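Me: Please take a close look at one helix in this model. Tell me how it sits among its neighbours, then connect it to the parts around it.

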Amino acid sequence: MENLNLEGQTILLGVTGSIAAYKSADLCARLTEAGACVYPILSESACKFIQPLTLQILSKNPALVDLWYESEHNLPNHIQLADAADLLLVAPASAHCVAQFAQGLASDLLSTVHLATQAPVIIAPAMNGKMYEHKATQDNLETLQKRGYHFVNPEVGMLACGYEGVGKLASLDSILGKVQSVLT
Ligand SMILES: Cc1cc2nc3c(=O)[nH]c(=O)nc-3n(C[C@H](O)[C@H](O)[C@H](O)COP(=O)(O)O)c2cc1C
């Protein structure tokens, strides 16, 4: 994706517990290179797949995981982050994260920021095909769609779990294209 200009945009990059979380490093770098101010927010599970430090270095901002960080550090709190955001992008979005968002749960930093922000939300799901096609996941996605959320649908392909099917994280170019179209 060429000519991406995100100067002046503040993007919260949510990363959740999928093997595709490693791709968030490239995504973070490309958003930052395009001029966006990126704040990575990782779920606890995401940290099993990628180090917050990687996203911190690439974004040049603190990579946040813990809802309670603000009591220990002089960093923007979750409401300030939510208010500052021009966009909340979750890539990869796990089935669990989609369920949290659909149910309006505020059980960790990412889901709490999600509830507190009025910025548009882009969801790029990534999961095993059976998880993606499960009625519960599809119902949750439909709920979010009705709420006006934006999606970058997963692709069909060979999945990390060894199955072929739908659930592969969309290409970074597709995700960046959606970011551009939502923000401009
Ligand atoms: C090796 C491994 C890979 C996983 N990959 C995915 C995935 O691609 N998508 C998904 O929805 N869940 C995946 N999971 C399960 C999630 O990590 C789990 O549901 C977790 O609770 C998600 O939490 P989070 O949404 O807070 O990140 C995987 C689990 C393991 C152990």
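Reply: Start with one term. A residue counts as buried if 20 or more other C-beta atoms lie within 10 Å of its own. Keep in mind that this is a predicted model.

Now take helix α4, residues 95–103. Seven of its nine residues are buried, so α4 is largely enclosed by the rest of the structure. Those buried residues are Ala95, His96, Cys97, Val98, Gln100, Phe101 and Ala102. What do the buried residues of α4 pack against? Their partners are two strands, β3 and β4, and three helices, α5, α6 (129–133) and α7 (135–146). Just past the end of α4 comes Gly104, with a positive phi of about 70°.

Next, follow those strands into the sheet. β3 and β4 belong to an open sheet of five strands. Its order is β2-β1-β3-β4-β5, with parallel pairing. The edges are β2 (37–42) and β5 (150–151). Each has a single partner strand, so one side of each is left without a neighbour in the sheet. In a regular strand, side chains alternate between the two faces of the sheet.

Look at one pairing in detail. Strand β1, residues 10–15, joins β2 in the parallel sense through six bridges. Within this pairing, Gly14 stands opposite Ile41 of β2.

Helix α5, one of the partners of α4, also meets this sheet. Residues 109–116 make up α5, which lies across β1, β2, β3 and β4 (121–125). α5 runs at about 130° to β2.

Another helix also touches β3. This is α1, residues 23–33, which lies across β1, β2 and β3 (87–93). α1 runs at about 180° to β1. Buried residues occur here too: Lys23, Ser24, Leu27, Cys28, Arg30 and Leu31. They pack against β1, β2, β3, α2 (52–59) and α8. Just after α1, Gly35 has a positive phi of about 105°.

The contact of α1 with α8 deserves its own look. Two packed helices are described by the angle between their axes and the distance between the axes. For α1 and α8 (residues 172–183), the angle is about 40° and the axes are 11 Å apart. The two helices are therefore oblique to each other. Their crossing is right-handed. On the α1 side, the residues in contact are Lys23, Asp26, Leu27 and Arg30. On the α8 side, they are Leu172, Ile175 and Leu176. By class, this contact has four nonpolar, three charged and no polar residues.

Finish with a contrast to the buried residues of α4. Strands β6 (155–158) and β7 (164–168) have a loop between them, and Gly162 is in that loop. β6 and β7 pair in the antiparallel sense over four bridges. One of the paired residues is Val156, whose bridge partner in β7 is Val166. Together the two strands form a hairpin, with five residues between them. In the turn, Gly162 has a positive phi of about 100°. Is Gly162 buried or exposed? Gly162 is exposed, because 7 other C-beta atoms lie within 10 Å. The C-alpha atom of Gly162 is 9.1 Å from that of Asn128, although the two residues are 34 apart along the chain.

So the picture has two ends: α4, largely enclosed by the rest of the structure, and Gly162, exposed in its loop.

Methods:
Residues are numbered from 1 along each chain as its sequence is written. This is a predicted model: local features need pLDDT of at least 70, side-chain atom pairs count only at pLDDT 80 or more; totals for chains, interfaces and linings use all residues. A residue is buried if 20 or more other C-beta atoms lie within 10 Å of its own, exposed if 12 or fewer, and partly exposed in between; C-beta atoms are placed from the backbone. Two strands pair if DSSP finds at least two bridges between them. Two residues are in contact if their C-beta atoms, placed from the backbone, lie within 7 Å. Axes are lines fitted to C-alpha atoms, for helices over the stretch in contact, and angles run from 0 to 180 degrees between N-to-C directions. Angles under 35 degrees count as roughly parallel, over 145 as roughly antiparallel, 65 to 115 as roughly perpendicular and the rest as oblique. A crossing is left-handed if the near helix is turned anticlockwise from the far one by less than a right angle, and right-handed if clockwise. Ala, Val, Leu, Ile, Met, Phe, Trp, Tyr, Cys and Pro count as nonpolar, Asp, Glu, Lys and Arg as charged, and the others, Gly among them, as polar.
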